[in-house]
Amino acid sequence: MSDEADYQSIRFDRSGQAEAFDAIGDRYDEAFPHKEGQLSAGEWLIDSLPAGSRVLDLGCGTGVPTTRQMTDAGFEVVGVDLSRRMVQLARGYVPAATFHQLDIADLRPGGPHDLGRFDAVAAFFSLLMLPRVEIPLALRTVRHLLVPGGLFVLSMVEADVDNYAIPFLGNTIRVSGYLLEDLHKVIEAGGFEIVKEAAYTYAPAIADVPPEEQVFLCCRRHD
Amino acid sequence: MTEHPTPQGPRVTRTPQPTPSHGRRAGGMGSQSQDPVPDSPQDPVPDGPPERGPDRGGEQTDPLQTDRLQYLDVATRRIARGMDLDETLRELRRAAVPAFADAIIVHLHDPLPVGDEKSAAPVVLQLHSVSRKPQAPQASPSPLLKTHPLHSDIAERVRPDAAGRLSKLLLAGRPAFGDAPGIAPAVAELLGPLASAPEAIPPGRRLIIAPLHGRRHVMGTVVLLRRSDRTPFTRDDLLVASQLATHTAIGVQKAVMYGHEASVADTLQHTMLPSSLPEPTGIRLASRYLPASKTAQVGGDWYDAIPLPGSRVALIVGDVMGHSMTSAAIMGQLRTIVQTLAGLDLPPDEVLHHLDEQAQRLGSDHIATCLYAIYDPISHRLLIANAGHPPAVLLHADGHGEVLRVPPAAPIGVGGVDFESVEMHAPTGATLLLYTDGLVESRETDVGTGVEALRTSLRTVADGHSAPSLELLCDHILGAMVPGSRDDDIALLTARFEGFPPDSVGYWHLDPHPLTAGQARRLTRRALRRWDLESMLDSTELMVSEVVTNAVRFASRPIALRLLRTDVLRCEVTDDSSQVPRMRQAQPGDEGGRGLFLVDQLAQRWGATRLSTGKVVWFEQQIPKKPPKEPSKEPKK
C-alpha cells in the first residue's frame with residue numbers, strides 16, 4: 001500500500017486547528033515559557049550535524065526557540081507551519097530562515113510541495129496535532145524528507161488520546177498522544193532508531209492548561 | 001406625687017463638678033429663680049427635685065411638684081437613653097448627684113440575670129460604682145460620703161444572707177429610708193463594716209436604699225445619701241428615688257438583653273467563620289477577624305480557604321453590607337453557597353456569577369462584595385475575580401506591595417453583572433493579602449488612601465525580616481492599620497505562595513477502554529519509582545486500578561490521572577460522568593463496588609467531588625517519613 005493511497009483514504013480535518021493558533025499567536029510562548037527540553041533536543045542536533053546542514057522545523061510556530069536555534073548554529077533552516085499567523089510571526093523573529101505555510105500532508109512523497117531533502121527534521125509538539133491515524137503517515141513523510149541516516153527530533157505529550165478536543169489558551173484544539181511504550185513502537189515502526197530520550201513534567205504558565213508529561217525523542221533514520 | 005413639702009433645711013449651694021465621673025455635669029442645686037431651665041435643650045441635665053428651703057417657704061405647692069416632675073422627666077429620659085450598662089448607670093449617677101443626693105452607691109447582681117429564667121444560684125451583689133459630691137470644708141465625717149478614696153472603703157462583693165434583712169428588702173422591691181424599721185441592718189449588710197462606723201449614716205432621713213428590680217429578678221441596689229448639712233429626704237423623695245430605681249432597673253435589664261443579643265450575634269458570626277484554615281500543600285495561610293468596637297455591631301465579613309483538585313486552593317474574602325444579625329445570617333448563607341460552588345471547581349468569574357444569582361434568591365436587598373481567587377501551586381498562577389470588593393494586595397518577597405488590578409465589577413446581589421477572571425503570575429515567596437474594607441476604610445480615610453497606607457506598612461515589615469511569618473505579618477498589619485475604635489469589622493486572610501516543582505506532579509489523559517486501568521497502573525509505577533516511593537507501589541497501584549476501573553465504566557471522554565507528591569501522595573482520577581460513586585460493601589457476586597471499599601481501607605483520606613465537568617475521585621496516603629533516598633526537589637529542566 002503506497003503512502004498516496006493511504007493519504008487518499010483519509011478525510012483530512014484540520015478545521016479549527018490552524019485558526020486556534022492564528023488566534024493564540026504570541027501567547028503560545030507566554031504560556032510555555034520554559035523550553036529547556038526543546039532546546040536541549042536542539043543541542044543534540046547541533047552537536048550531531050556538520051555546519052551548513054539543511055534542517056526542517058516542522059510545526060515551527062513562532063520560530064522560537066528552535067528555528068532560531070538552528071539558524072544561529074549556522075544551519076540552513078526551513079520552517080513550516082499550518083497557521084498563517086505563526087508563519088508571519090516566525091518570519092519576523094527569524095529573518096534568516098525560510099518559512100512556508102503548509103500542511104505536513106502537503107509534504108508527503110509525491111505530494112503538492114517538495115522542499116527537497118534535509119539532514120535533520122525537528123517536530124516539536126506538532127505531530128500531536130494530527131489524528132492518530134495520520135501519525136504513521138506523517139512519520140513516513142519525515143523519513144521521506146530525510147537523507148539516509150538523517151536525524152529526527154520530536155516531542156509529544158504523553159497521553160492515551162486520539163483527536164481529543166481540549167481547551168487550549170482560550171481556544172479548542174484536537175490532540176493525540178501515546179503512552180511512552182506505545183510511542184516507542186510507533187516511532188520505531190516508522191523506520192527510526194531512538195537514540196536518546198528525555199521526559200519532563202511540564203507546568204504551563206497558565207491556569208487553564210494542566211501540567212503535562214513531555215517526551216523528547218532524538219532519533220536517526222533507520223536504513 | 002401627693003407628698004407634702006419637705007421639712008425645712010439648709011440650702012445646698014451650687015457646686016462645681018471636678019469629679020471625673022461628672023464630666024458633663026452642669027447646673028446644680030440652684031433655686032428655680034437662679035437656674036430656671038436646666039442646661040441647653042440638647043443636653044438637658046436635671047435639676048434636683050426642689051427641696052424646701054427657707055426662701056421658698058411661702059411658695060405654693062404646685063410649682064414644687066411641677067419642678068419635681070420636670071426633674072424626674074429629664075432624669076428618667078436620660079437614664080433610658082443609655083445603651084449599655086455603664087452608660088445607663090452613669091446617667092443615673094449624674095441625675096442623682098449632686099442634684100438629688102450627695103452620694104450614690106450602686107451594686108449590681110453578679111452575674112446579671114438574662115431573660116426570665118430563675119437562677120438557683122445565691123444572690124451576689126457586686127459594687128458597681130460610687131459617685132459623691134466633692135466634700136465641703138465643713139463636711140460631715142461620714143466615711144461613706146468622703147470623696148477619697150472612692151471605692152476602697154465599701155465592700156466589693158456582698159452575699160446577702162437569704163434570711164436577712166437585705167434579702168427581705170430586695171424581695172420587697174420597694175425603696176426605704178435608712179431610718180425605717182429594720183432597714184439599718186440591711187444597709188449594714190450591703191455596705192459592710194463601714195456602715196456601722198460612727199456617723200457613717202448621716203442622721204435623720206438622709207439615706208434611701210432602693211432595690212433595682214427587673215421583670216423577674218433583683219438586678220441590684222442603689223443607695224442614696226445626703227450629708228448632714230443638707231435637708232433630709234422627704235416622702236416625695238422616696239417616690240423620686242423609686243422612679244429613678246425603676247427606670248434604672250429597666251435600663252439595666254435592657255442593656256443586659258442588648259449585650260446578650262450582641263453576644264449571640266457575635267457567636268453566630270464566629271460560628272460562621274472557619275474554625276480553622278485548611279493546611280494544603282504549596283501554600284501557607286493565616287487569618288484574623290476583628291469585630292467592630294461597638295458590641296452590638298455585628299458584621300457580615302467572612303473569609304474562607306477551600307482546597308480544590310490538583311492541589312489548588314480557592315481563597316475568598318467577602319463582606320455583606322450592613323451590621324445586623326441579618327448581615328451575619330446572610331453572610332453564613334453566602335459562605336455556604338461559595339463553598340458549594342468552589343467544590344464544583346468553577347473558575348472565579350463563574351463562582352461569582354452563580355453566587356450573584358443565588359444571593360438574589362435570598363432577598364432583594366442583600367448586597368455583598370466578594371473577591372474569589374484560585375492559587376495553583378504547580379503552574380504558579382493566580383486567577384482572580386472581584387465583585388465590588390477592595391483590591392487584593394500581593395506582597396512580593398522584596399517588600400513591594402502590588403495592588404492587583406482586577407476589574408471590580410458590581411457587588412453580589414445586584415444581578416446581571418459580567419464578572420471577569422484575571423490571571424497572573426503567583427511568584428513563590430509572595431503573599432496574597434485579602435481583606436475587608438474595615439482594614440483600609442474609615443470615616444476619616446477612603447479606600448485608596450487606606451490601601452496606600454497598607455502598602456507603606458508592608459514595606460516596613462519587610463524591612464525588618466526578609467520573610468516575616470504570616471502570623472507576625474497579620475499582627476503587624478492590624479497593628480499598623482487598625483485604630484483602637486473601629487466602626488466596622490475586619491477580616492484579613494493572608495496566603496503565602498510556596499508552590500511546588502512540576503516534577504512532583506504526574507498528569508495524563510487516558511482514553512477510557514478496557515486496558516486503561518492497566519495503563520494507569522504502569523504510569524503510577526513509573527512515577528512512584530521516579531519519586532523513590534517503591535514502598536507505596538502495591539497499595540497505590542491497587543487503588544489507582546480500582547478508581548480508574550470505576551471511572552472508565554462511566555466515562556465517555558478521556559479520563560485524567562493525576563499524581564501529586566508532597567508530604568502525602570495524592571492521586572486524583574477525573575472523568576466526565578457526574579455520577580459520584582458511593583462506597584458500599586460488595587456483595588458476593590458484585591462486579592463493582594469493592595473498589596471504594598478497598599480505597600477506604602488503604603488510603604489515609606479519600607473523597608469524591610462532583611465538578612461542573614464531571615467528577616474527581618481522589619485519595620491520599622502518607623509518605624513514609626524517611627524515604628531511602630531523598631528525591632531531588634529541583635525541577636529537572
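**Exercise 1. In this predicted model, find which residues B:Pro307 is in contact with, leaving aside its neighbours within four places in sequence, and then describe its setting.**

Solution. Once the neighbours within four places in sequence are left aside, the contacts of B:Pro307 are B:Pro278, B:Pro280 and B:Val313. The next step is to place the residue in the secondary structure, where B:Pro307 belongs to strand E8 (residues 301-307) of chain B. For its burial, B:Pro307 has 16 C-beta neighbours inside 10 Å and therefore counts as partly exposed, since a residue is called buried only if 20 or more other C-beta atoms lie within 10 Å, and exposed if 12 or fewer do. A last step links B:Pro307 to B:Tyr375, a residue 68 places away along the chain, whose C-alpha atom is separated from that of B:Pro307 by 9.7 Å.

**Exercise 2. Determine which residues B:Tyr375 touches, not counting residues up to four places away in sequence, and relate this residue to the largest nonpolar core.**

Solution. Begin with the contacts: with residues up to four places away in sequence not counted, B:Tyr375 touches B:Ile283, B:Arg312, B:Val313, B:Leu315, B:Leu382, B:Ala426, B:Ala495 and B:Phe497. Turning to the core, the largest one has 163 residues, and B:Tyr375 is among those with the most contacts inside it, together with A:Val121, A:Phe152, B:Leu315, B:Ala373, B:Leu434 and B:Val548. From chain B this core draws at least three residues from each of domain 2 (273-497) and domain 3 (502-622). Another core, of 58 residues, lies apart from it, and includes B:Ala103, B:Leu125, B:Phe177 and B:Val187.

**Exercise 3. Describe how helix H11 (residues 516-530) and helix H12 (residues 537-554) of chain B pack, giving angle, axis separation, handedness and contact residues.**

Solution. The geometry comes first: H11(B) and H12(B) pack at an angle of about 145°, and their axes are 8 Å apart. The crossing of H11(B) past H12(B) is right-handed. On the side of H11(B), the contact is made by B:Thr516, B:Ala517, B:Ala520, B:Arg521, B:Thr524, B:Arg525 and B:Leu528, while H12(B) contributes B:Leu537, B:Thr540, B:Glu541, B:Val544, B:Ser545, B:Val548, B:Thr549 and B:Val552. Sorted by class, the residues of this contact are seven nonpolar, five polar and three charged. One of the contributors from H12(B), B:Val548, is also listed among the residues with the most contacts inside the largest nonpolar core.

**Exercise 4. State how many residues each chain gives to the contact between chain A and chain B, and work out the make-up of the side that belongs to chain B.**

Solution. The contact takes 22 residues from chain A and 19 residues from chain B. On the side of chain B, the elements that give two or more residues are strand E11 (381-387) and strand E18 (505-510). The largest share of that side, six residues, is supplied by E18(B). By class, the side of chain B that touches chain A comprises eight nonpolar, four polar and seven charged residues. As background for chain B as a whole, its secondary structure comes to 13 helices and 22 strands, and 46% of its 637 residues count as buried. Among the contacts in chain B between residues at least 6 apart in sequence, 69% join residues at least 24 apart.

**Exercise 5. Two residues other than glycine, A:Asn163 and B:Asp345, have a positive phi; decide for each whether it is buried or partly exposed.**

Solution. Take A:Asn163 first, whose phi is near 55° and which lies in strand E6 (residues 161-168) of chain A. Because A:Asn163 has 14 other C-beta atoms within 10 Å, it is partly exposed. B:Asp345, with a phi of about 60°, is located in the loop between helix H6 (325-343) and helix H7 (348-362) of chain B. Here 23 other C-beta atoms lie within 10 Å, and B:Asp345 is therefore buried.

**Exercise 6. Locate the cis peptide bonds that lead to A:Pro65 and B:Pro98.**

Solution. In chain A, the bond from A:Val64 to A:Pro65 is cis, with omega near 5°, and A:Pro65 sits in the loop between strand E1 (54-58) and helix H5 (66-72) of that chain. In chain B, the bond from B:Val97 to B:Pro98 is cis with omega near 0°, and B:Pro98 is found in the loop between helix H2 (85-96) and strand E1 (103-109) of chain B.

How values were computed:
Residues are numbered from 1 along each chain as its sequence is written. Chains are lettered from A and ligands numbered from 1 in the order in which they are written. This is a predicted model: local features need pLDDT of at least 70, side-chain atom pairs count only at pLDDT 80 or more; totals for chains, interfaces and linings use all residues. Two residues are in contact if their C-beta atoms, placed from the backbone, lie within 7 Å. Helices (H or I, at least four residues) and strands (E, at least two) are DSSP runs, numbered from the N terminus. Ala, Val, Leu, Ile, Met, Phe, Trp, Tyr, Cys and Pro count as nonpolar, Asp, Glu, Lys and Arg as charged, and the others, Gly among them, as polar. Axes are lines fitted to C-alpha atoms, for helices over the stretch in contact, and angles run from 0 to 180 degrees between N-to-C directions. A crossing is left-handed if the near helix is turned anticlockwise from the far one by less than a right angle, and right-handed if clockwise. A nonpolar core is a set of buried Ala, Val, Leu, Ile, Met, Phe, Trp, Tyr and Cys residues joined through C-beta atoms within 7 Å. Domain bounds come from an automatic or database domain assignment.
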